[in-house]
Amino acid sequence: MESVFRGLGVFLVLMIVFRIAGKRTLRETTTFDFVLLLIIAETVQQAMISDDNSFTNSVILVCTLVGVNVLLSVLKQRSRKLEQFLEGAPVVLMEKGRVHEDRLDKERIDAHEIATAARQHHGLERLEDVKYAVLEKDGSISIVPKERERA
Amino acid sequence: MANTESQLDVDQDLEFQRRDWSFERIGWIAMLLVVAAALLGVLGKGPISNAERLSTDHSLRVVYGRFERHGARTELTVFVRRDSSSGSAVTLWISDAFLRGIHLEGIDPAPVRQVSIGDRTLFDIAVAGDSARLTFAFVPREMGGRRLELGIMGREPMTLSQFVYP
């Protein structure tokens with residue numbers, strides 16, 4: 001019984017913490033984000049398993065965690081409000097070539113990151129070549145390039 | 001859902017986003033408060049948690065933690081003072097209600113005798129000088145607020161409270 005509550009508690013806390021931390025927190029997977037992820041996994045493991053290393057306990061925990069995940073995905077599909085609440089919503093960072101500086105500030109993103117995404121996915125050389133840039137729910141930046149005027 | 005301000009088919013919701021950003025910032029403050037509370041000892045060992053109580057007749061002094069955590073090893077130290085009426089042994093009692101909520105790992109130095117009577121457990125302690133120390137090492141097993149009643153046989157009892165976090 002305790003294992004289920006431990007699993008649920010850890011799930012809830014991690015969900016809230018990562019929601020608070022913002023979309024980009026574990027998205028970039030820089031060296032530091034990777035280390036952070038490992039440390040969090042290690043820390044939380046203790047709290048979930050406590051001193052019960054039995055096979056049964058691990059089965060209970062896996063079922064609890066995956067079960068909650070499935071349940072939430074079902075609920076999210078039914079309610080847009082819940083989906084927004086749990087996952088956040090995409091934010092348009094650049095519109096028709098114009099950068100929304102205020103939104104960049106709020107999301108703690110700078111223009112270089114948009115330029116990086118533009119380079120990586122579309123081979124764009126300059127920020128001016130970007131028509132739309134959207135910060136997706138998962139923290140990635142998607143780019144719509146301007147149509148090139150060709151002579 | 002189409003966005004009103006552009007042709008881009010994106011599920012943007014600026015009204016929600018503004019609330020989300022405020023929520024994020026409130027969350028950061030909350031995380032900061034958790035860390036501050038931990039540093040101060042509200043969530044476990046630390047300055048606010050560390051407590052010391054002296055019984056009204058000064059026969060007993062207890063050093064304990066106001067806030068403990070479930071499953072985390074901790075200690076409680078009792079200092080007993082011998083008065084002229086008691087012999088070389090002093091009997092300390094602790095309420096069973098408290099002892100049932102912990103896993104007692106050890107008592108240092110070991111008491112001469114340990115018996116359970118009614119709703120309390122008695123510990124006979126050999127006292128060579130004027131006072132003796134007894135340290136209980138234990139792991140809390142029950143969560144929430146708990147009361148600890150203890151005392152020296154025939155003397156003023158003492159009631160302490162302790163909160164155990166999950």
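In this predicted model, the search for enclosed space gives one cavity of 30 Å³ or more. The general idea is a friendly one to picture: rolling a probe the size of a water molecule over the atoms shows where empty space is left. The largest cavity holds about 40 Å³ of space. Its lining is made up of Arg80(A), Glu83(A), Gln84(A), Gly88(A), Ala89(A), Pro90(A), Lys137(A) and Asp11(B). Sorted by character, these lining residues comprise four charged, two polar and two nonpolar ones.

Some of the names in this lining return when charged pairs are considered. In general, side chains of opposite charge can pair when their charged atoms come close. Across all chains of the structure, 19 salt bridges are found. One of them joins Arg80(A) to Asp13(B), with 3.9 Å between the closest N and O atoms. This pair crosses between chains: Arg80(A) sits in helix α4 of chain A, while Asp13(B) belongs to the segment before α1 of chain B. How exposed or buried are the two partners? Arg80(A) counts as partly exposed because its relative accessibility is 31%. Asp13(B) has a relative accessibility of 16%, and therefore counts as buried, the limit being under 20%.

Two further salt bridges lie in chain B. Arg61(B) and Glu52(B) meet through their side chains, at 2.7 Å from N to O. With a relative accessible area of 28%, Arg61(B) is partly exposed. The side chains of Arg73(B) and Glu105(B) also form a salt bridge, here with an N to O distance of 2.6 Å. This second pair links distant parts of the chain, since its members are 32 residues apart: Arg73(B) is in the loop between β3 (67-69) and β4 (74-81) of chain B, and Glu105(B) is in strand β6 (residues 102-108) of chain B. Glu105(B) is partly exposed, its relative accessible area being 41%. In chain A, Lys76(A), Glu83(A), Glu87(A) and Lys137(A) are joined into one network by salt bridges that share partners. Glu83(A) and Lys137(A) are also among the residues that line the largest cavity.

Attention now turns to the pockets. The largest pocket contains about 1600 Å³ of space. Its lining has 44 residues, and those nearest its centre are Arg6(A), Val10(A), Thr43(A), Ala47(A) and Pro166(B). Two or more lining residues come from each of α1 and α2 (31-49) of chain A and α1 (14-40) and β9 (131-140) of chain B. Which element gives the most to this lining? That element is α1(A), with 13 residues. By character, the lining has 29 nonpolar, nine polar and six charged residues.

The second largest pocket has a volume of about 600 Å³. It is lined by 22 residues, with Leu14(A), Met15(A), Phe18(A), Arg19(A) and Leu86(A) closest to its centre. The elements giving two or more residues here are α1, α2, α3 (55-78) and α4 (80-87) of chain A, along with α1 of chain B. The largest share again comes from α1(A), which supplies six residues. This lining divides into 11 nonpolar, eight charged and three polar residues.

Finally, the surface has a nonpolar patch formed by Met1(A), Val4(A), Phe5(A) and Leu8(A), which together have about 430 Å² of accessible area. Phe5(A) lies in helix α1 (residues 2-21) of chain A. Phe5(A) counts as exposed because its relative accessibility is 53%, and the limit for exposed is over 50%.

Terms used
Residues are numbered from 1 along each chain as its sequence is written. Chains are lettered from A and ligands numbered from 1 in the order in which they are written. This is a predicted model: local features need pLDDT of at least 70, side-chain atom pairs count only at pLDDT 80 or more; totals for chains, interfaces and linings use all residues. Side-chain values use heavy atoms; hydrogens and water are left out. Patches are made of residues with over 30% relative accessible area and no salt bridge: like charges are joined within 9 Å, nonpolar side chains (Val, Leu, Ile, Met, Phe, Trp, Tyr) within 5 Å. Accessible areas come from the Shrake-Rupley method with a 1.4 Å probe; for residues, only the protein chains shown count as cover. A salt bridge is a side-chain nitrogen of Lys or Arg within 4 Å of a carboxyl oxygen of Asp or Glu. Helices (H or I, at least four residues) and strands (E, at least two) are DSSP runs, numbered from the N terminus. Buried means under 20% relative accessible area, exposed over 50%, partly exposed in between (1.4 Å probe, protein chains only). On a 1 Å grid over the protein atoms alone, a cavity is a set of points where a 1.4 Å probe fits but cannot get out, and a pocket is an open set with protein on both sides within 12 Å along at least five of seven lines; lining residues have an atom within 4 Å of a point. Grid points are joined across faces, edges and corners, and a volume is the space filled by probe spheres set on the points. Ala, Val, Leu, Ile, Met, Phe, Trp, Tyr, Cys and Pro count as nonpolar, Asp, Glu, Lys and Arg as charged, and the others, Gly among them, as polar.
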